[in-house]
Amino acid sequence: MSYMPDNFPKSLAALYPIIYNYSYILLEGVLTLIIISIPAVSKALNQIKKTVTIPEAVTAASK
C-alpha cells in the first residue's frame with residue numbers, strides 16, 4: 001500500500017484504511033455537532049425546518 005506512511009506498523013497494514021477513514025469521519029461528526037450547537041446556526045436550522053415541514057393537518061386533509 002503505497003499511500004501508507006513508511007513508519008506505520010506493517011502488522012496493522014490492513015487496518016490503516018479503516019483507521020484513517022473512521023478517524024476522518026469521527027472528526028467531521030464532532031465538528032458538525034459543534035457547529036450545530038451554535039445558537040445562531042441552531043435557530044436558522046429550526047427556521048428552515050418550520051418553513052419546509054408540511055403541517056400534519058394539511059397532509060391528513062389531502063387523503
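The accessible surface of the chain in this predicted model comes to about 5800 Å², and carbon and sulfur atoms account for 69% of that area. Of the 63 residues of the chain, 6% count as buried. The secondary structure consists of 3 helices and 0 strands, which follow the pattern α-α-α when read along the sequence.

**Nonpolar surface patch**

- A nonpolar patch of about 710 Å² lies on the surface, and the residues that make it are Leu 12, Leu 15, Ile 18, Ile 19, Tyr 22, Tyr 24 and Ile 25.
- Leu 15, one of the residues of this patch, is placed in the segment before helix 1, the helix that spans 16-36.
- Leu 15 counts as partly exposed because its relative accessibility is 40%, a value that falls between the limits of 20% for buried and 50% for exposed.

**Phe 8 and its surroundings**

- Phe 8 likewise belongs to the segment before helix 1, but Phe 8 has a relative accessibility of 18% and therefore counts as buried, since the limit for that class is under 20%.
- When residues up to four places away in sequence are not counted, the residues that Phe 8 touches are Ala 13, Tyr 16 and Ile 19.
- Ile 19, which is among the contacts of Phe 8, is also one of the residues that make the nonpolar surface patch.

**The segment before helix 1**

- This segment holds both Leu 15 and Phe 8, of which Leu 15 is partly exposed at 40% relative accessibility, whereas Phe 8 is buried at 18%.

How values were computed. Residues numbered from 1 in each chain as written. Predicted model: local features only at pLDDT ≥ 70, side-chain atom pairs only at ≥ 80, totals over all residues. Heavy atoms only, no water. Patch = residues over 30% accessible without salt bridge, like charges linked within 9 Å, V, L, I, M, F, W, Y side chains within 5 Å. Areas by Shrake-Rupley, 256 points an atom, 1.4 Å probe, with all protein chains shown as cover. Salt bridge = Lys/Arg side-chain N within 4 Å of Asp/Glu carboxyl O. Helix = DSSP H or I, 4+ residues; strand = E, 2+ residues; numbered from the N terminus. Buried < 20%, exposed > 50% of the residue type's maximum accessible area, 1.4 Å probe, protein only. Contact = heavy atoms within 4.5 Å.
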